[in-house]
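Visitor: I would like a close look at a single part of this protein, with its surroundings explained step by step. Could you take me through one helix and then show me how the rest fits around that part?

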Amino acid sequence: MRNQFLSNGKFKNADHQVVVNSEQSRISIATFHNPAPEAMVYPLKLEEGEKAILDEPITFKDMYRNKMGRDL
């Protein structure tokens, strides 16, 4: 969702996909790189005449809360 806001809808987040290999074990390491909860999220650059997908900037905390509320 973050990429979608920052790119004004040009880039969509990919669903997480894993290919399982029954012959070898697999290790996953989760890493998270998020801005501070109070950081404002908005499109990085708009082309002339382009309308932002957000009506106004939103905090990362609120953006994340909205996303998790829809995905659960």
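Guide: Before we look closely, one term is needed: a helix here is a DSSP run of H or I that is at least four residues long, and helices are numbered from the N terminus. Please also keep in mind that this is a predicted model, with a mean pLDDT of 77 for the protein and 85% of its residues reaching 70 or more.

The part I have chosen is helix 2, which covers residues 60-71. Within helix 2, Asp62 and Arg65 are 3 residues apart, and therefore about one helical turn separates them. The side chains of Asp62 and Arg65 meet in a salt bridge, with a distance of 3.1 Å from N to O, and the structure holds 1 salt bridge. Asp62 is partly exposed, because its relative accessible area is 29%, and partly exposed residues are those between the 20% and 50% cut-offs.

Lys61 is also found in helix 2, and Lys61 too counts as partly exposed, with a relative accessible area of 45%. If we now look from the helix towards another stretch of the chain, Lys61 and Pro35 are 26 residues apart in sequence, while their C-alpha atoms are 9.1 Å apart in space.

To place helix 2 in its setting, we can follow the protein along its sequence, where the pattern reads α-β-β-α, made up of 2 helices and 2 strands. Strand 2, at residues 58-59, has the highest mean pLDDT among the elements, 88, whereas helix 1 has the lowest, 67, and for that reason helix 1 deserves a more careful reading.

Helix 1 covers residues 2-6 and includes Leu6, a residue that counts as partly exposed at 27% relative accessibility. Leaving aside residues up to four places away in sequence, Leu6 touches Val41, Tyr42, Pro43 and Leu44. For one of these partners, Leu44, the separation from Leu6 is 38 residues in sequence, and the C-alpha to C-alpha distance is 5.4 Å.

Finally, we can step back to the protein as a whole, where 52% of the contacts between residues at least 6 apart in sequence join residues at least 24 apart. Of the 72 residues of the protein, 15% count as buried, and the accessible surface comes to about 6500 Å², with 53% of that surface belonging to carbon and sulfur atoms.

Technical notes. Residues are numbered from 1 along each chain as its sequence is written. This is a predicted model: local features need pLDDT of at least 70, side-chain atom pairs count only at pLDDT 80 or more; totals for chains, interfaces and linings use all residues. Side-chain values use heavy atoms; hydrogens and water are left out. Buried means under 20% relative accessible area, exposed over 50%, partly exposed in between (1.4 Å probe, protein chains only). Contact means heavy atoms within 4.5 Å. Accessible areas come from the Shrake-Rupley method with a 1.4 Å probe; for residues, only the protein chains shown count as cover. A salt bridge is a side-chain nitrogen of Lys or Arg within 4 Å of a carboxyl oxygen of Asp or Glu. pLDDT is the predictor's confidence in each residue, from 0 to 100.
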